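User: I'm new to this one. Can you walk me through it?

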Amino acid sequence: MIGLAVFLAVVVFVIGLQQVLMKSLGERVIKTPLSKGLFYLSAMVGTPIHEASHALVALIFGHKVHKISWFQMGKDGRLGYVNHNWNQRSLYQSIGVFFIAIAPLLAGFSVIVLLQHFLVMPTIRPFILNVDVANVYTVSTAALHYCAYVIDTFIDSALSSRQHALTLLLACLICFHCIPSRGDFNNALKGSVMVLIVVAVLWVLSFYFNLFHQQWMLAAFNFSVNVSGFILATALLSMGWWIILVIPTLFFRR
């Protein structure tokens with residue numbers, strides 16, 4: 001349960017941070033022609049990946065996908081969307097709502113893995129929670145140390161060669177658009193209720209019937225913490241593209 005709490009906390013933090021930055025810096029970026037151009041140029045690459053992740057996970061969970069907009073510049077502010085529906089009486093499909101909503105984060109993680117294998121990009125070690133007692137303070141401290149490690153690794157890599165810097169720039173560009181939107185966040189909240197109920201039921205059953213309770217709890221904890229670490233790495237990479245977008249606003253104004 002602690003692992004799930006860590007995972008959900010990281011997801012909420014990452015999406016919330018992106019929304020705060022979008023609200024505080026988005027208008028400034030759009031009003032600066034160079035920043036606006038860079039934003040939409042990156043969206044042409046990142047948005048299809050974002051929407052493809054939604055569509056793929058929707059199909060995995062048995063949802064019916066009606067329409068996919070891979071990229072658009074509409075007045076409603078949406079860069080793309082996936083229209084789908086599901087049987088709300090189906091537990092499996094209802095649980096899928098949560099994973100569909102956070103699918104872009106998993107796409108960002110996949111991008112990092114692919115770049116590590118096929119291009120020159122530093123390998124990020126998994127987030128290992130090595131503490132005697134897991135509580136809010138120890139988990140938060142470990143997460144901050146991990147973030148510092150990821151930032152140091154990225155900076156050292158970018159400064160080591162031009163090729164490393166360009167690869168990290170590409171990763172920043174893609175991960176920027178792999179952060180779920182506000183609509184995704186709302187859907188994640190709805191789906192998380194079903195996920196929490198299912199996990200709670202499984203926890204109770206495994207505990208009272210001694211169904212390898214400690215083993216699967218430890219496995220679930222390690223998996224949740226490792227995925228949380230890569231989500232944090234995705235968020236940190238997206239911050240790099242925010243910096244690129246904001247720099248022109250300091251020198252050029254319409």
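User: Let's start with one residue. Is Ala-107 buried or exposed?

Analyst: This is a predicted model, so keep that in mind. Ala-107 is buried, with a relative accessible area of 12%.

User: Which helix is Ala-107 in?

Analyst: Ala-107 sits in helix H4.

User: And what does Ala-107 touch, leaving out residues up to four places away in sequence?

Analyst: Ala-107 touches Ile-49, Ser-53 and Cys-178. His-50 also has a listed distance: its C-alpha atom is 7.1 Å from that of Ala-107. Along the chain, those two are 57 residues apart.

User: Cys-178 came up there. Is Cys-178 buried or exposed?

Analyst: Buried, with a relative accessible area of 0% for Cys-178.

User: Why is Cys-178 not bonded to Cys-175?

Analyst: The two sulfurs are too far apart for a bond, because the gap is 5.6 Å. Cys-175 holds the closest cysteine sulfur to that of Cys-178. A disulfide needs the sulfur atoms within 2.5 Å.

User: How many disulfides are there in the structure?

Analyst: Zero. Cys-172 is in no disulfide either. Its nearest cysteine sulfur belongs to Cys-175, 7.2 Å away.

User: Is Cys-172 buried or exposed?

Analyst: Cys-172 counts as buried, at 11% relative accessibility. Buried means under 20%.

User: Which residues of H6 are buried?

Analyst: Thr-167, Leu-168, Ala-171, Cys-172, Leu-173, Ile-174, Cys-175 and Phe-176 are the buried residues of H6.

User: How many residues does H6 have, and what is its reach?

Analyst: H6 has 15 residues. From first C-alpha to last, H6 reaches 21 Å, close to the 21 Å expected at 1.5 Å a residue.

User: Switching to H3. How many of its residues are buried?

Analyst: Eight of the eleven, so H3 is mostly covered. The buried residues in H3 are Gln-93, Ser-94, Ile-95, Gly-96, Val-97, Phe-98, Ile-100 and Ala-101.

User: Zoom out for me. How many helices and strands are in the chain?

Analyst: Eight helices and two strands. Along the sequence, the pattern reads α-α-β-β-α-α-α-α-α-α.

User: What share of the chain is buried?

Analyst: Of the chain's 254 residues, 43% count as buried. The accessible surface of the chain is about 14,300 Å². Carbon and sulfur atoms account for 69% of that surface.

User: What about contacts between residues at least 6 apart in sequence?

Analyst: Of those contacts, 75% join residues at least 24 apart. Here is a pair distant in sequence: Gly-16 and Ile-179, 163 residues apart. Their C-alpha atoms are 9.9 Å apart in space.

User: Where is Gly-16?

Analyst: Gly-16 lies in helix H1. At 31% relative accessibility, Gly-16 counts as partly exposed.

User: Now the core. Which residues touch the most other members of the largest nonpolar core?

Analyst: Ile-231 and Leu-237, out of 46 residues in that core. Helices H1, H2, H3, H4, H5, H6, H7 and H8 each supply at least two of its residues. H8 gives the largest share, ten residues.

User: What other core lies apart from it?

Analyst: Another core of five residues. Its members include Val-57, Phe-61, Ile-100 and Ala-103.

User: Last topic. Where does UniProt place the feature "transmembrane region"?

Analyst: The unreviewed UniProt entry places this feature at residues 91-115, 127-151, 163-179, 191-209 and 229-252.

User: How much helix is there over residues 91-115?

Analyst: Residues 91-115 are 96% helix and 0% strand. The end C-alpha atoms of that span are 36 Å apart.

User: And what about residues 191-209?

Analyst: That span is 95% helix and 0% strand. The end C-alpha atoms of residues 191-209 lie 27 Å apart.

Note on methods:
Residues are numbered from 1 along each chain as its sequence is written. This is a predicted model: local features need pLDDT of at least 70, side-chain atom pairs count only at pLDDT 80 or more; totals for chains, interfaces and linings use all residues. Side-chain values use heavy atoms; hydrogens and water are left out. A nonpolar core is a set of buried Ala, Val, Leu, Ile, Met, Phe, Trp, Tyr and Cys residues joined through side-chain atoms within 4.5 Å. Buried means under 20% relative accessible area, exposed over 50%, partly exposed in between (1.4 Å probe, protein chains only). Helices (H or I, at least four residues) and strands (E, at least two) are DSSP runs, numbered from the N terminus. UniProt positions are given in the numbering used here, feature names are shortened, and annotations may be inferred rather than shown by experiment. The expected span of a helix is 1.5 Å times one less than its number of residues. Contact means heavy atoms within 4.5 Å. Accessible areas come from the Shrake-Rupley method with a 1.4 Å probe; for residues, only the protein chains shown count as cover.
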